[in-house]
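Me: I've got this structure open and I'd like to zoom in on one part of it. Could you walk me through a stretch of neighbouring strands, and then show me what sits around the ligand?

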Amino acid sequence: MSSIPSTKRVAVIGGGILGVSTAVHLLREGASVILLTERGLGSEASGRSLSWLNSAGQRSTPYHQLRVAGVDRYRTLFAADPGREWLQFGGGLTWNAAGKGAVTEARHAYETSIGYNSRLLTPEQISAATPGIDPDAVPENAIFNPGEGWVSLPDLIEFLMEEFHARGGELILNAGKVSVMVDAGRAAGVETAAGGTYEADAVLVACGAATPDVVAPLGVDIPNGSPVSMLVLTKAVDHELKAVLNTPRAAVRPNPGSTLALDHDWYEEHITEHTDGSFSIPEDIVQELADEASKLIAGNPELKPASWKIGYKPIPGDGEPVLGELDHVPGCFVAFTHSGATLGLIAGELLAGEILTGSKHPMLSTFRPGRFS
Ligand SMILES: Cc1cc2nc3c(=O)[nH]c(=O)nc-3n(C[C@H](O)[C@H](O)[C@H](O)COP(=O)(O)OP(=O)(O)OC[C@H]3O[C@@H](n4cnc5c(N)ncnc54)[C@H](O)[C@@H]3O)c2cc1C
């Protein structure tokens, strides 16, 4: 796609999936890349994500199309080696609370209307569609989306970083809060917290929920709607679950090592933010989420939380992705989005193309940061 000089140097700030994916796509196209991140790789949202690969529910058409393309890229990766324990396509199963069967039906009708593979099932039909679920947990009906999957982002980041290093990328961990340097109105490189500077022809800010803070000194306002959320990993447990479950009291996905990843939002009020920026939650609330998840799994196995991580889930103020170059600071690009697991590969691919060729991809046209100015 590119005819750029191989010497083009790009600085990527942020070691989550969006920074790592874009860095690898840049390297594939011949750029010279330096990736700097505050602490370790995957230290924020990408290290604690449910990472359900999907385009379910009702979103804007461009967002839906981008998510479908995102799932497509994962399918390509999956096809190259279906045996990877960290990337699987077992579908997704969604249901609502008792009395909300009509809401489920409406969602199914919408998904069908846009050609999204969606099957409306009674509890009795679930085991024939996907294994490992207690049908008694399903009050009325459920939607099975057979085309969906899940990824473990820490494993994907590790996988991509092998290519990053093989292609000669430069990695700076524990860089502290990195900022964008501007010269004559254009992005000129980055500066670490300790004052180290790195010149670059272009800069990508992929700082997750911190992205608005990193571009604010440039005079750019990106509304931030990032909530606090938690991901729990269980100890290993015997289970047959293949699908990602989205249910009224727990979201559950398989995870490598026969463990399960658990997520939801009902416990948000129990999370405390401390003055040092860390978060905590009472252990009995974590166990309550595990107990809710247990009710969904065939045989209702006892689920024991092994670890849990809490922090911000990156969501732009208007809910739509923010991807592309800043109008006011040419050469400075941003990647800030919800569904960043689903979009991780496609957003990296399209942004790398824009950074290197200067040509705007039509699929990103409604997601430009300039919409807020
Ligand atoms: C609980 C939970 C459930 C989710 N479920 C799903 C799902 O089912 N499907 C889906 O598609 N998506 C899901 N997501 C969203 C998805 O995980 C995120 O959108 C994605 O991981 C964001 O990746 P990122 O690279 O943008 O940000 P992050 O992973 O947050 O990485 C940002 C990086 O930037 C670094 N950084 C920040 N500021 C600076 C700075 N000034 N200098 C240097 N480095 C800096 C951070 O340390 C971090 O390493 C979920 C997220 C959470 C938290």
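Reply: Let's start with one pair of residues: Asn246 stands opposite Ala251, a residue of strand 16. Keep in mind that this is a predicted model. The two residues belong to a pairing of strand 15, residues 244-246, with strand 16; the pair runs antiparallel and has 2 bridges. Between strand 15 and strand 16 there are 4 residues, and together the two strands form a hairpin.

Now stay on Ala251 and look the other way. Its bridge partner in strand 17 is Asp263. Strand 16 and strand 17, which covers residues 259-263, also run antiparallel, and 5 bridges join them. These two strands make a hairpin as well, with 3 residues between them. Check out Gly257 in that hairpin: this glycine takes a positive phi near 80 degrees.

So is strand 16 buried or exposed? Strand 16 spans residues 251-255, and 5 of its 5 residues are buried, so the strand is largely enclosed by the rest of the structure. "Buried" here means that 20 or more other C-beta atoms lie within 10 Å of a residue's own.

Next, hop over to another group of strands. Here 3 strands form an open sheet in the order 10-11-12, with antiparallel pairing. Strand 10 (179-183) and strand 12 (197-199) are the edge strands, so to speak the ones that each pair on one side only. Going from one strand to the next, the twist averages 40 degrees. Strand 10 pairs with strand 11, residues 186-191, over 5 bridges in the antiparallel sense. One spot to click on is Met181, which stands opposite Gly189 in strand 11.

Finally, the ligand. There are 40 residues around it, and the ones that come nearest are Gly16, Glu44, Ser49, Gly208 and Gly340. Sorted by kind, the shell has 17 nonpolar, 16 polar and 7 charged residues. Several elements help build this shell: helix 1 (17-28), strand 14 (228-234) and helix 8 (340-357) each supply at least two of its residues.

Where does the ligand lie relative to the domains? Domain 1 is made of 9-47 + 153-223 + 317-372, and domain 2 of 86-148 + 226-312. Both domains give residues to the shell around the ligand, so the ligand lies between them.

Technical notes: Residues numbered from 1 in each chain as written. Predicted model: local features only at pLDDT ≥ 70, side-chain atom pairs only at ≥ 80, totals over all residues. Pairing = 2+ DSSP bridges. Axes fitted to C-alpha atoms, helices over the stretch in contact; angles between N-to-C directions. Buried ≥ 20, exposed ≤ 12 C-beta atoms within 10 Å, placed from the backbone. Near = placed C-beta within 6 Å. Nonpolar A, V, L, I, M, F, W, Y, C, P; charged D, E, K, R; others polar. Domains from an automatic or database assignment.
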